[in-house]
Amino acid sequence: MRVIFSGGGTGGHIYPALSIIDELKNTVPDVEILYVGKKGSLEEELVTREGIDFATIRVKGLPRKKINKDSFLSLYELMKGLKDASGIIKRFKPHLVFGTGGYVCAPILLKAQMSGIPTMIQEQNAYPGKTNRLLGRRVQSICLSFPEAEEYFPGEVKKVFTGNPIRRAFRDAVSQASGEEQLVLSFGGSGGQESTNEAVLEMMRDHPHPPFQLIHITGKDHYEKFVADAEKFGGWDENAYTVLNYSHEIPELLKKSHLVIASSSAMTLAEISAMGLPSILIPKAYTAGNHQWHNAKSYERAAASLVIEEEELTGAKLYAGMEKILGDRELSASMGEASRAMANPRADEKIVEEILRVVGS
């Protein structure tokens, strides 16, 4: 069996694909995998690091606003991408082409659909991106992570609720949080989140010795400014606050945490749920289709999270939310249980089962 995967632009599109590929290789040892993405991209870096064959394609994202010069340049690049995709398909002869989102996967899936090759997509968010909404009209199956996303796809297309596949480090993870000292982990995705940084700074200034320990990850681009701003009010108590620019140890940090403060990317939520943790979610307001807001509201409706929108975020409001959750063990426990109920630890297995069904059909 030969399968092409494509998806990129952010880790939120790439890591699910890598998890699915890993499970597919375990299930079908002789499967041949080819990943298609942009040259010099994040997907090329992450995929080749895993030893997966990678083919490049030319493509440019469509502008989010009204039609302009960039719109025509994007369409011209798409035509070149379709030509690249045609060559890749002729050489590789896939039985299936699978997309995980991002405009990079449009040419290869469109060309596969035009060639009569089965296609599938996996949608991570409660509000689907425009690429997946376009591609989802002609796929053989859509793997959904949030039930709310179903309404944005044609009724006649097969849909399977699988959840988001997560890294092996989170599967069957067991909390190591102790009851002696409450630990809060705060981060705004791999690049950080300015609004959260500002709120944490305000909180550190007004509550220099809190009754908990906070580990805050600023994002590499924001770290120096964060430290400089903190020095204006005398810095921070290192026994209470730990400030990092980035961390490769998120799984280990989550295992020790009692509460998480985060933006609401789909993959972050899947990882929080795998650990069964309560959370305060601060959805990034500038994401495509405002999908982080939709993700966060799904968790809020399930009583798994407290949501604070960026325009309402202050240090005082963030601290009050932390006090409310950490100070009420019954509330914290119920939020954690609600969070775990939204986890799908077998997501990658379910997706592979659906791949095998589609390929066999």
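This report describes a parallel sheet and a pocket in a predicted model.

**The sheet**

Six strands form an open sheet with parallel pairing, in the order β10-β9-β8-β11-β12-β13. Its edge strands are β10 and β13 (305-307), each of which pairs on one side only. On average, neighbouring strands of this sheet are turned by 15° against each other, with direction ignored.

Three of the strand pairings are set out below, each with one pair of facing residues.

| Strand pair | Sense | Bridges | Facing residues |
|---|---|---|---|
| β8 (residues 183-187) and β9 | parallel | five | Val184 and Leu214 |
| β9 and β10 (residues 241-244) | parallel | four | Ile217 and Leu244 |
| β11 (residues 259-262) and β12 (residues 279-281) | parallel | three | Val260 and Ser279 |

**Strand β9 and its connections**

Strand β9 spans residues 213-217 and is mostly covered, with five of its five residues buried. Gln213, Ile215 and Ile217 point one way from the strand, while Leu214 and His216 point the other way. Both groups are buried, so the label applies to residues with under 20% relative accessible area on either side of β9.

β9 pairs with β8 over five bridges and with β10 over four. In the first pairing, Leu214 of β9 stands opposite Val184. The chain reaches β9 from β8 through helix α6 (residues 194-206), in a right-handed β-α-β crossover. In the second pairing, Ile217 of β9 faces Leu244 in β10. Here the chain passes from β9 through helix α7 (residues 223-231) to β10, and this β-α-β crossover is also right-handed.

**β11 and β12**

In the strand order, β11 follows β8, and β12 lies between β11 and β13. Three bridges join β11 to β12 in the parallel sense. Val260 has Ser279 in β12 as its bridge partner.

**The second largest pocket**

The second largest pocket holds about 350 Å³ of space. Its lining consists of 14 residues, and those nearest its centre are Tyr15, Leu18, Ser19, Glu50 and Arg167. Helices α1 (11-27) and α2 (42-49) each supply at least two lining residues. The largest share, six residues, comes from α1.

By class, the lining of this pocket has seven charged, six nonpolar and one polar residue. Among the residues nearest the centre, Glu50 and Arg167 count as charged, Tyr15 and Leu18 as nonpolar, and Ser19 as polar.

Key:
Residues are numbered from 1 along each chain as its sequence is written. This is a predicted model: local features need pLDDT of at least 70, side-chain atom pairs count only at pLDDT 80 or more; totals for chains, interfaces and linings use all residues. Side-chain values use heavy atoms; hydrogens and water are left out. On a 1 Å grid over the protein atoms alone, a cavity is a set of points where a 1.4 Å probe fits but cannot get out, and a pocket is an open set with protein on both sides within 12 Å along at least five of seven lines; lining residues have an atom within 4 Å of a point. Grid points are joined across faces, edges and corners, and a volume is the space filled by probe spheres set on the points. Buried means under 20% relative accessible area, exposed over 50%, partly exposed in between (1.4 Å probe, protein chains only). Two strands pair if DSSP finds at least two bridges between them. A crossover is right-handed if, with the strands pointing away from the viewer, the path from the first strand over the helix to the second runs clockwise. Axes are lines fitted to C-alpha atoms, for helices over the stretch in contact, and angles run from 0 to 180 degrees between N-to-C directions.
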